[in-house]
Amino acid sequence: MWSQGTSGSGSLVLVAALFSALVLAPTLAIHVYTHREVHGTVGSQVTLACSFWSSEWISEDVSITWLFQPESGKDTISIFHFVKGQPYVDEVGAFKNRMEWVGDPHRKDGSIIIRNLDYTDNGTFTCDVKNPPDIGGKSSQVTLYVLEKVPTRYGVVLGAVIGGVLGLVILVVVIGYLIRYCWLRRQATLQRQLSAMEKGKLQRSAKDSSKRGRQPPVLYAMLDHSRSTKSASEKKSKGGLGESRKDKK
Amino acid sequence: MLLLLLGIIVLHVAVLVLLFVSTIVSQWLIVNGRTADLWQNCSTLEVPSSFQCVTSSTNEWLQSVQAMMILSIIFSVLSLFWFFCQLFTLTKGGRFYITGFFQILAGLCVMSGAAIFTVRHTDWQPATSDTAFGFAYILAWVAFPLAIISGVIYVILRKRE
């Protein structure tokens, strides 16, 4: 009974191992990603970015190689090699003193920078990464175009001009509304203070000379109040900027 | 009073129509049979006889002219919308400041777009002896003073009734 149970569990383990080997085997490859095309201007520098994904843990044996095939040639030459934690930059070829290693294998980044571009740098660069035991997989290629002037994408200037002017106009209108709102609030508080003062004066004068029954101060206060409300409502009706200039009343 | 209102609205709509036609129609430059425009260059081929259009260059100055024309249309439409808003919400005696402001802005945009085109059209269309300006270009220049006049009328106008 025991032997049958163990043989049953043994066959189950075997099936599971076979299944995982068949299914997981295709994904046990290294994936390398670069741009398709990179543009650079003569004399400037360009970053050739290369990132990779490996199903294994990044060991110390990871190796990164950059190859270059000129546009007008069929040979592919090796220009950079990184192995055992040490970058080896090409010291004798066309990229002598122009290349710099800026990648970090533990961050899955294998980028290099090429300075002082020239028209002879036109061509295809290949990034090849191997991370033992994960060594299968496709390497990725990036084509470098060295131009006199990098062409700006269509629509950048268009969008910038439209966005800038619209933003400016909206800002001006909002500021105009804010100024008008604050000014109206100040007018309202001043008017309230004024009417409170007048009411106080009226009460005092009424108490003092209630026997004489003076009319003129009351009429004066009413006239003043009506004039200030009329001017406040007229200012409320204006639609925007520059109202003080136009209002000559 | 109603006549004045109608006249102002007709003027505004005329400016808007001029701006639209000028921006869309492909007739800014005429170079012996070929027309060049803000958006595309069209030409009539002799053999076989067909009319072919190709998108214009991506020159920065051409893009700024396109941007100015689009902005002028946007501002004119906003101004019309605001005019109707203010017509019903403004109190008696008030002035249409924002409407006038946007309309004047539209006029300035058209002017700057047409001016940039006049100065810089040789960048994307080499000048030959029989390069002539098309009617869409002329419409843009006509729309500019009309838009300014319309905007100034809005600023001066006072709401009655």
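These legends go with four close-up views of a predicted model.

**View 1. Strand β2 of chain A and its parallel neighbour, β11.** Here β2(A), residues 37-41, runs parallel to β11(A), residues 140-147, and five bridges hold the pairing. Look for A:Val38, whose bridge partner in β11(A) is A:Leu144. A:Val38 also sits on the covered face of β2(A), along with A:Gly40. On the uncovered face you'll find A:Glu37, A:His39 and A:Thr41. That's the usual pattern, because side chains in a regular strand alternate between the two faces of the sheet.

**View 2. A nonpolar patch on the surface of chain A.** A:Ile170, A:Val174 and A:Leu178 make up this one, and together they offer about 280 Å² of accessible area. To get your bearings, A:Leu178 belongs to helix α2 of chain A, which covers residues 156-208.

**View 3. An aromatic pair, B:Trp28 with B:Tyr137.** The structure has 17 aromatic pairs over all chains. In this one the ring centres are 5.8 Å apart and the planes sit at 70 degrees, so it counts as edge-to-face. B:Trp28 comes from the loop between α1 and β1 of chain B and B:Tyr137 from helix α4, so the contact ties together parts 109 residues apart in sequence. Both residues are buried.

**View 4. Annotated transmembrane regions and an aromatic cluster in chain B.** An unreviewed UniProt entry puts "transmembrane region" at residues 65-84, 96-119 and 131-157 of chain B. Residues 65-84 are 100% helix, with end C-alpha atoms 29 Å apart. For residues 131-157 the figures are 81% helix and 11% strand, with the end C-alpha atoms 43 Å apart. The cluster itself is built from B:Phe75, B:Phe81, B:Trp82, B:Phe101 and B:Phe102.

Definitions and conventions:
Residues are numbered from 1 along each chain as its sequence is written. Chains are lettered from A and ligands numbered from 1 in the order in which they are written. This is a predicted model: local features need pLDDT of at least 70, side-chain atom pairs count only at pLDDT 80 or more; totals for chains, interfaces and linings use all residues. Side-chain values use heavy atoms; hydrogens and water are left out. UniProt positions are given in the numbering used here, feature names are shortened, and annotations may be inferred rather than shown by experiment. Helices (H or I, at least four residues) and strands (E, at least two) are DSSP runs, numbered from the N terminus. Patches are made of residues with over 30% relative accessible area and no salt bridge: like charges are joined within 9 Å, nonpolar side chains (Val, Leu, Ile, Met, Phe, Trp, Tyr) within 5 Å. Accessible areas come from the Shrake-Rupley method with a 1.4 Å probe; for residues, only the protein chains shown count as cover. A salt bridge is a side-chain nitrogen of Lys or Arg within 4 Å of a carboxyl oxygen of Asp or Glu. Buried means under 20% relative accessible area, exposed over 50%, partly exposed in between (1.4 Å probe, protein chains only). Two strands pair if DSSP finds at least two bridges between them. Rings of Phe, Tyr and Trp (its six-membered ring) pair if their centres lie within 6.5 Å; planes under 30 degrees apart count as stacked, over 60 as edge-to-face and the rest as tilted.
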